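Reader: Please provide a close look at the charged side chains: where they sit, how they pair, and what empty space lies beside them. I would prefer one connected account to a list.

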Amino acid sequence: LHMCYDFDFLSNHPPTGTFIASVLEKANTTLKDGWACWAFSNHDVVRHASRWNLGEEARRLYAALLLSLRGSVCLYQGEELGLTEAYVSYEDLQDPYGKRFWPRFKGRDGCRTPMPWNHEKTNGGFTDAKPWLPLALEHIEHSVDLQERDEGSMLSFYRAMIGFRSGLKPLLKGDWTLQEAQEDYLSFVRSYDGQRVFCAFNLSPGDRKIGLPEGNWRPDRAAPFQLRETSDGFVLPPWQAVFAVDDAR
């Protein structure tokens, strides 16, 4: 296979550091020089912001984690806007599974509603005609036009994180080596062509002291996250990540 689309992160399993590490280690062992495609959401599952009950800070952190994995990344439409699962009434359902098993299973239409482009236009600018599914009213405030005006928006964050990733070859093509995995913490190293990038993620609402691996590391301040340096070392605030570079070239 040229690329393997992985379903592990599309499950309801809590996205703990230990779970994510186990999935990545399995892929590392199985694929060897193969390549994975990772996703947290798609058209068949509840959007991960709702499925994992993530606040906005956590959504940003997990987006950065996804964009740091070895493999290609599949971002599902609306994920970059921070959209949650939409409620679709029975009368508006299109998914046969939802119609058949309602209300125990409401189908997959909650993740398939139109994307909101413009908060002032009919159907959020998605179409002037009647859409296949109704636009979720709660999604209007997350429309593209509003977020493009806000440097602190979720859309701006995704663009910044994707740009940051594009500037570091190890994040695009490098090998993956686990450093530490706990329920609320995950760290690993990506390596490519003599350059290493240490990636650490605080998956908790509390501060986390971190230690860098052996080497000549410097935190890359271009990453869209906060990092505190103290006399005892580095501290990650809640739901923050750090990317440090060791360039031996």
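Author: In this predicted model, E180 is partly exposed, with a relative accessible area of 32%. The side chain of E180 meets that of R208 in a salt bridge, with N and O 3.2 Å apart. This pair links distant parts of the chain, for E180 belongs to strand β4 (residues 175-182) and R208 to strand β7 (residues 208-210), 28 residues apart. R208 counts as buried, at 17% relative accessibility. The bridge therefore joins a buried arginine to a partly exposed glutamate.

By the distance rule applied here, the count comes to 11 salt bridges. Another of them pairs E56 with R60, whose closest N and O atoms are 2.7 Å apart. Here the partners belong to one element: E56 and R60 are 4 residues apart in helix α3 (residues 56-66), and so are separated by about one helical turn. E56 is partly exposed at 44% relative accessible area, whereas R60 is buried at 17%.

A further salt bridge, 2.7 Å from N to O, brings together the side chains of D95 and R108. Its partners also lie in distant parts of the chain: D95 is in the loop between β3 (72-73) and α4 (96-101), and R108, 13 residues away, is in the loop between α4 and α5 (144-148). Both partners are buried, since D95 has a relative accessibility of 1% and R108 a relative accessible area of 19%. They do not stand alone, for D44, D95, R108 and R112 are linked in a network of salt bridges.

R47 presents another case. This arginine is found in the loop between β2 (36-38) and α2 (48-51). R47 is buried yet has no salt bridge, and the nearest side chain of opposite charge, that of E85, is 5.0 Å away. Such a bridge is counted only within 4 Å, so the pair does not qualify. The side chain of R47 nevertheless has backbone oxygens beside it. It reaches that of Q77 at 3.0 Å, and the backbone oxygen of C111 lies 3.4 Å from one of its polar atoms.

The empty space can now be considered. R47 is one of the residues lining the second largest cavity, together with S41, H48, A49, R59, Y76, E79, G82, L83 and Y158. About 70 Å³ of space lies in this cavity. By class, its lining has 4 nonpolar, 3 polar and 3 charged residues.

The search of the whole structure finds 2 cavities of 30 Å³ or more, and the largest holds about 80 Å³ of space. L24, A27, N28, L31, A36, W38, R70 and W176 line it. The largest share of that lining, 4 residues, comes from α1; α1 (17-31) and β2 each supply at least two residues. With 6 nonpolar, 1 polar and 1 charged residues, this lining includes R70.

E85, the acidic side chain nearest to R47, returns in the largest pocket, where V46, E85, F105, K106 and G107 lie nearest the centre. That pocket has a volume of about 270 Å³. Its lining of 18 residues divides into 9 nonpolar, 3 polar and 6 charged.

Technical notes
Residues numbered from 1 in each chain as written. Heavy atoms only, no water. 1 Å grid on protein atoms, 1.4 Å probe; cavity = no way out; pocket = protein on both sides within 12 Å on 5 of 7 lines; lining within 4 Å. Points joined across faces, edges and corners; volume = space filled by probe spheres on them. Nonpolar A, V, L, I, M, F, W, Y, C, P; charged D, E, K, R; others polar. Buried < 20%, exposed > 50% of the residue type's maximum accessible area, 1.4 Å probe, protein only. Lys, Arg positive; Asp, Glu negative; His and termini not counted. Polar contact = N/O pair within 3.5 Å; in protein donor to acceptor, adjacent residues only side chain to side chain.
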